[in-house]
Amino acid sequence: MLAELKRSFQSGSVVHAFLIHGDAGCGKKTLAMALSMALHCTGEGEKPCLACGPCARMLAGTHPDHVEVRTDKAVLPVKEIRDLIDGLSEKPYEGGRRTVILHEAEKMNEPAQNAFLKTLEEPDGQTVFFLLTAHPEALLPTIRSRCRPVYMPRLPEETIRQELLSRGQTPERAAYAARLSEGVLGRAIALCGQDPYYRCRDEAVALLRALREKADIPKASLAWEERRKPEDSLPFLEAMEAVLRDIVRVQSGLAPFDAQIESELEEFARHFTIEGVACIMEEVVTVRKRVHAHVQWRSAAEPLLRRIVEGAEK
């Protein structure tokens with residue numbers, strides 16, 4: 001698929017819309033940027049050349065014919081899509097093409113999707129759209145049918161390990177992050193390069209131990225009252241998921257990914273049921289959705305604390 005894309009972009013023969021989908025951190029934005037640069041590139045030989053004027057402006061984020069749409073809110077409203085469409089009525093400033101990257105396209109509400117659909121149904125011949133999403137099923141079937149799908153698959157563990165080694169990581173940390181990444185390079189880079197992950201992992205272990213011993217739930221909830229922003233709480237939830245997956249591995253007779261906390265994992269494997277751990281993992285997913293919807297951390301997380309207590313073996 002990627003080789004075919006490369007050939008079509010080198011020739012300049014491309015469709016008007018692409019739906020790039022895959023897990024968060026799989027490289028959707030990187031691919032969309034590379035393809036956009038290839039369309040604007042005026043250099044000789046393989047595109048993008050990274051050296052011509054348009055490529056330099058793309059790298060600097062100043063190209064007048066490249067637009068990126070994103071929001072930190074739970075919903076991308078119809079007004080923002082209509083503003084985008086109105087801006088596309090003007091002719092491109094350079095080269096006759098315009099590129100648009102729509103981040104987290106699934107955030108468009110139904111009116112926004114219907115407004116965007118009209119643009120896809122009547123392409124202007126000068127704009128190429130890149131819709132990025134981890135949840136293509138949230139988009140209208142009519143939108144999906146008018147885009148060329150590009151799936152970003154999960155990578156083999158060894159491929160990720162080698163990439164981390166090439167970035168200067170130690171063999172131990174590269175191997176550990178590759179195992180935990182579940183085939184997503186962006187996740188592996190985050191795990192490998194940021195000490196906060198290990199702090200969050202230790203907090204998750206402490207929480208499981210405290211609530212396994214039936215510690216006071218409101219007190220535990222108040223301890224994380226400061227986790228109000230997604231960038232504060234999401235790393236903790238990811239670390240909690242990693243610890244829970246390792247507990248299941250130990251319960252299944254497999255070696256854990258994280259040997260650094262093997263004794264704690266064995267302890268949890270004895271005190272939590274497999275069904276209980278599965279329910280806790282489901283609640284972690286629900287908490288993440290609440291956080292993305294801007295629910296206050298204490299309200300979002302308290303059901304998780306109760307689920308942990310319920311998951312302990314009676």
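**Figure 1. The buried face of helix α14 in the predicted model.** Buried in α14 are Gly276, Val277, Ile280, Glu283, Val284, Val287, Arg288 and Val291. Look down the axis of α14 and these buried residues fall within an arc of 150 degrees, so they line one face of the helix. That fits a general habit: an α-helix has 3.6 residues a turn, so residues three or four places apart point the same way. Over on the other side of α14 sit Glu275, Glu282 and Lys289, which are exposed. The helix itself covers residues 274–292, 19 residues in total. From its first C-alpha to its last, α14 reaches 28 Å, close to the 27 Å expected at 1.5 Å a residue. Just after α14 comes His294, with a positive phi near 65 degrees. As for the wider setting, this is a predicted model of a chain with 15 helices and five strands. Of its 314 residues, 44% are buried.

**Figure 2. Helices α14 and α15 side by side.** Two packed helices are described by the angle between their axes and the distance between the axes. Here, the axes of α14 and α15 (residues 297–311) come within 9 Å and cross at roughly 180 degrees. The two helices are therefore roughly antiparallel to each other. On the α14 side, the contact is made by Gly276, Cys279, Ile280, Glu283, Val284, Val287, Arg290 and Val291. The α15 side brings in Trp297, Ala300, Ala301, Pro303, Leu304, Arg307, Ile308 and Gly311. Several α15 residues are buried, namely Trp297, Ala300, Ala301, Leu304, Leu305, Ile308, Val309 and Gly311. As for length, the 15 residues of α15 should span 21 Å at 1.5 Å a residue, and its end C-alpha atoms are indeed 21 Å apart.

**Figure 3. Glu241 of helix α12 and its contacts.** Glu241 is found in α12, which runs over residues 230–251. With a relative accessible area of 16%, Glu241 is buried, the cut-off for that being under 20%. What does Glu241 touch, leaving aside its neighbours within four places in sequence? Its partners are Met281, Val284, Val285 and Arg288. Two of those names should ring a bell from Figure 1, since Val284 and Arg288 are buried residues of α14.

**Figure 4. Helices α2 and α3, and the loop between them.** Helix α2 (residues 28–40) packs against helix α3 (residues 53–60) at an angle of about 150 degrees, with the axes 8 Å apart. That makes α2 roughly antiparallel to α3. The crossing of α2 past α3 is right-handed. From α2 come Met33, Ser36, Met37 and His40, and they meet Pro54, Cys55, Met58 and Leu59 in α3. The loop between these helices has a couple of backbone details to zoom in on. Pro48 has its place in this loop, and the peptide bond from Lys47 to Pro48 is cis, with omega near 0 degrees. Leu50 lies in the loop between α2 and α3 too. It's not a glycine, yet Leu50 has a positive phi of about 70 degrees.

**Figure 5. Helices α4 and α5.** The axes of α4 (residues 78–87) and α5 come within 8 Å and cross at roughly 20 degrees. So α4 and α5 are roughly parallel to each other. Here α4 passes α5 in a left-handed crossing. The contact is made by Val78, Ile81, Arg82 and Ile85 of α4, with Pro111, Ala112, Ala115, Phe116 and Thr119 on the α5 side.

**Figure 6. Two glutamates in the loop between β3 and α5.** Glu104 lies in the loop between β3 and α5. Its phi is near 45 degrees, a positive value in a residue other than glycine. Is Glu104 buried or partly exposed? At 35% relative accessibility, Glu104 counts as partly exposed. Glu106 has its place in the loop between β3 (98–102) and α5 (110–121). Not counting residues up to four places away in sequence, Glu106 touches Leu132, Thr133, Ala134, His135, Ala138 and Leu139. From Glu106 to Leu132 it's 26 residues in sequence, and 8.3 Å in space, C-alpha to C-alpha. For the chain as a whole, among contacts between residues at least 6 apart in sequence, 72% join residues at least 24 apart.

Definitions and conventions:
Residues are numbered from 1 along each chain as its sequence is written. This is a predicted model: local features need pLDDT of at least 70, side-chain atom pairs count only at pLDDT 80 or more; totals for chains, interfaces and linings use all residues. Side-chain values use heavy atoms; hydrogens and water are left out. Helices (H or I, at least four residues) and strands (E, at least two) are DSSP runs, numbered from the N terminus. The expected span of a helix is 1.5 Å times one less than its number of residues. Buried means under 20% relative accessible area, exposed over 50%, partly exposed in between (1.4 Å probe, protein chains only). The arc is that of the directions from the helix axis to the C-beta atoms. Axes are lines fitted to C-alpha atoms, for helices over the stretch in contact, and angles run from 0 to 180 degrees between N-to-C directions. Angles under 35 degrees count as roughly parallel, over 145 as roughly antiparallel, 65 to 115 as roughly perpendicular and the rest as oblique. A crossing is left-handed if the near helix is turned anticlockwise from the far one by less than a right angle, and right-handed if clockwise. Contact means heavy atoms within 4.5 Å.
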